Amino acid sequence: RFPGGEMVFDLNSPRHGIYLPALTWLEFSVSLPDTVCAVLASEIYDPTDYVHDAKAFAALCTDVVRAG
């Protein structure tokens, strides 16, 4: 789906976490009602810094790969 491929992680314990580097598309689902998603970031969230459309994200990744 995206140039880097697709990976699935089952974070089924509060001891599990995942690091997502820049240019990583994330889709997540919650299977338990008491699930909490905690995010640690180096900057305050700014929606304009993010791509919110999967097709636009795929195009951006393609441009980055071409630019090398």
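**Exercise 1.** Is Leu23 buried, partly exposed or exposed?

*Solution.* This is a predicted model: local features need pLDDT of at least 70, side-chain atom pairs count only at pLDDT 80 or more, and totals for chains, interfaces and linings use all residues. Residues are numbered from 1 along each chain as its sequence is written, and side-chain values use heavy atoms, with hydrogens and water left out. Take the classes: buried is under 20% relative accessible area, exposed is over 50%, and partly exposed is in between (1.4 Å probe, protein chains only). Leu23 has a relative accessible area of 46%. Leu23 is therefore partly exposed.

**Exercise 2.** Describe the backbone of Leu23 and place the residue along the chain.

*Solution.* Start with phi. Leu23 is not a glycine, yet its phi is positive, about 60°. Next, the location. Leu23 lies in the segment before helix 1. Helices here are DSSP runs (H or I, at least four residues), numbered from the N terminus. Helix 1 spans 54–67.

**Exercise 3.** Compare Val51 with the classes above, then relate Val51 to Leu23.

*Solution.* Val51 also sits in the segment before helix 1. Its relative accessible area is 33%, so Val51 is partly exposed. Now the spacing. Val51 and Leu23 are 28 residues apart along the chain. Their C-alpha atoms are separated by 9.3 Å.

**Exercise 4.** Where does Val30 lie, and which surface patch includes Val30?

*Solution.* Val30 lies in the segment before helix 1. The patch is nonpolar, and Val30 shares it with Met7, Phe9, Leu11, Ile18, Leu20, Leu26 and Phe28.

Notes:
Patch = residues over 30% accessible without salt bridge, like charges linked within 9 Å, V, L, I, M, F, W, Y side chains within 5 Å. Areas by Shrake-Rupley, 256 points an atom, 1.4 Å probe, with all protein chains shown as cover. Salt bridge = Lys/Arg side-chain N within 4 Å of Asp/Glu carboxyl O. Helix = DSSP H or I, 4+ residues; strand = E, 2+ residues; numbered from the N terminus.
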